[in-house]
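Visitor: I should be grateful for a close look at a single part of this structure, described step by step.

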Amino acid sequence: MRRREFVAATAAATLALLHRGATDGAAAAGQAKIPFGAAVRDGPLQEDEAYRQALVKYCQLVVGEGGLKWVDLRPDPSTFNFHQPDRLLAFARRNGMKMRGHTLAWYAAMPDWANAITGAAEAERELTTHIETVVGRYRGEIPSWDVVNEALSDDAKASVGLRDSVWAAALGERYIDIALHTARAVDPQVQLVINDYGLEAATEKAKARRLALLDLVRRLRDRGAPLDAVGFQAHLPGDLDIDTDGVSQFVADLKSMDVDVLVTELDVIDDALPAETAERDAIVARRVQDLLAAILSVTQPSAILTWGLTDRYTWVPIWYKRNDGHPNRPLPLTDTFEPKPMMQAIQAVVGG
Ligand code: G3I
């Protein structure tokens with residue numbers, strides 16, 4: 001699926017949906033399909049047959065939880081190690097799925113040698129060579145890329161707040177333009193995304209981050225940078241309401257600049273939620289429902305991906321383990337691959 005198809009995959013159905021009132025939900029409209037997918041972990045992909053079956057059963061899209069990050073791809077300056085993404089792409093193709101790319105420029109998951117890059121000329125050369133090589137290898141195979149990940153600092157506010165990174169230190173904000181232009185030149189069809197977190201909750205901090213991101217998008221557009229979409233990572237803090245009006249306004253503001261949206265890393269961080277399973281799962285599903293409704297009240301996201309599919313394999317306990325010892329339940333399937341209310345909330349929207 002090329003970019004135009006990816007973006008317009010459901011265009012006719014979207015129109016139908018809008019005619020009916022977008023909050024009806026895609027399933028209710030009877031035909032709209034928003035591509036749904038999940039981040040895939042490489043080890044279990046090779047070892048866990050039940051995991052593979054669940055991915056095939058539920059997903060039209062996959063993205064590597066790792067594998068395309070610099071730390072995985074670039075052990076040294078002259079090496080590109082494509083084993084993981086090649087494996088995932090083969091799995092996707094065998095099963096009629098598409099694969100997204102994550103990510104080309106990020107402050108984190110960098111090998112030591114790349115963190116030592118200094119000076120504008122060296123940084124630009126390394127960044128463009130990397131993007132040319134990686135996007136070039138998957139040209140025509142990966143229809144959507146997280147070109148820049150987490151460009152905003154954690155406490156970003158309107159007009160200020162670029163995240164520290166090798167790229168920002170050497171090139172300033174221009175690194176984002178360089179990354180976007182390079183990716184577009186290599187694969188003119190690909191959907192180019194900047195992807196960020198902390199945009200969804202009803203807090204002053206999230207509101208400020210939305211404004212900062214809007215300002216960044218506006219500056220990029222004014223400079224003629226080829227940006228197609230903004231990705232909501234949507235690692236939703238379970239104890240915070242979604243700012244539904246704020247999210248809808250943000251999406252409308254992006255659309256007014258002709259920038260699409262998608263949900264790239266959805267999960268619900270449940271360390272501060274009640275222990276009781278049914279109660280916890282219901283809150284998790286409600287956060288997801290609220291976010292998706294807020295987006296859909298304005299437009300149809302070009303895709304919805306969760307960051308993992310099953311509670312068996314999730315990054316959440318690395319940072320947000322529960323104090324009571326109960327396992328986290330951030331994802332649409334249980335650790336034994338049973339669908340949870342979160343899956344129903346997603347399927348109500350994507351149709352499935
Ligand atoms: O590769 C080793 C493996 O050999 C070893 O057995 C295992 C033991 O814990 O560690 C493995 O590496 C870990 C890797 O995940 C594979 O699971 C790394 O230590 C760990 O740092 C890495 O964390 C990933 C993190 O990004 C940093 O790349 C998480 O899985 C991944 O979920 C997380 O994803 C990020 C997105 O890219 C950006 N948005 C936020 C999201 C969540 O933090």
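Which residue of β8 stands opposite Ile-194? Please take the answer as a starting point and describe the surroundings of that strand.

Guide: The model is a predicted one. In it, Ile-194 stands opposite Val-230 of β8. Ile-194 belongs to strand β7, which comprises residues 191-196, and strand β8 comprises residues 229-232. These two strands pair in the parallel sense, and four bridges join them. Between them, the chain passes from β7 through helix α12, residues 204-222, and on to β8, a β-α-β crossover that is right-handed. A further position along the pair is Asp-196, which stands opposite Phe-232 in β8.

Strand β8 is covered on both of its faces. Ala-229 and Gly-231 lie on one side, Val-230 and Phe-232 lie on the other, and all four are buried. β8 also pairs with strand β10, residues 260-269, again in the parallel sense and over four bridges. There, Leu-262 of β10 is the bridge partner of Gly-231. Thus β8 has pairings with β7 and with β10.

Strand β7 shows a comparable pattern of burial: six of its six residues are buried. Gln-191, Val-193 and Asn-195 point one way from the strand, while Leu-192, Ile-194 and Asp-196 point the other way. The residues pointing each way therefore include polar or charged side chains as well as nonpolar ones, with Asn counted as polar, Asp as charged, and Val, Leu and Ile as nonpolar. Besides its pairing with β8, β7 pairs with strand β4, residues 144-149, in the parallel sense over five bridges. In that pairing, Asn-149 stands opposite Asn-195 in β7.

Helix α11, residues 174-186, may be considered next. Its 13 residues reach 18 Å from the first C-alpha to the last, close to the 18 Å expected at 1.5 Å a residue. The helix is mostly covered, with 10 of the 13 residues buried. Among them are Tyr-175, Ile-176, Ile-178, Leu-180 and Val-186, together with Asp-177 and Arg-184.

Several of the elements already named also take part in the largest pocket, whose volume is about 830 Å³. Of the 37 residues that line this pocket, Glu-150, Gln-233, His-235, Trp-315 and Trp-319 are the closest to its centre. Helix α12 and strand β10 each supply at least two residues of the lining, as do α6 (70-73), β9 (235-237) and α15 (316-320). By class, the lining of the largest pocket divides into 17 nonpolar, nine polar and 11 charged residues.

One residue in the loop between α15 and α16 (341-350) is Lys-321. Lys-321 is exposed, because its relative accessible area is 61% and exposed means over 50%. The C-alpha atoms of Lys-321 and Ile-269 are separated by 9.3 Å, although these residues are 52 apart along the chain.

Enclosed space can be described separately from the pocket. The count comes to three cavities of 30 Å³ or more, and the largest cavity holds about 90 Å³ of space. It is lined by 14 residues, of which Gly-64, Gly-66, Gln-84, Pro-85 and Leu-88 lie nearest its centre. Helix α7 (83-94) gives the most to this lining, with three residues. The lining of the largest cavity has six nonpolar, five polar and three charged residues.

Definitions and conventions. Residues numbered from 1 in each chain as written. Predicted model: local features only at pLDDT ≥ 70, side-chain atom pairs only at ≥ 80, totals over all residues. Heavy atoms only, no water. Buried < 20%, exposed > 50% of the residue type's maximum accessible area, 1.4 Å probe, protein only. Pairing = 2+ DSSP bridges. Right-handed = clockwise from strand over helix to strand, strands pointing away. 1 Å grid on protein atoms, 1.4 Å probe; cavity = no way out; pocket = protein on both sides within 12 Å on 5 of 7 lines; lining within 4 Å. Points joined across faces, edges and corners; volume = space filled by probe spheres on them. Expected span 1.5 Å × (residues − 1).
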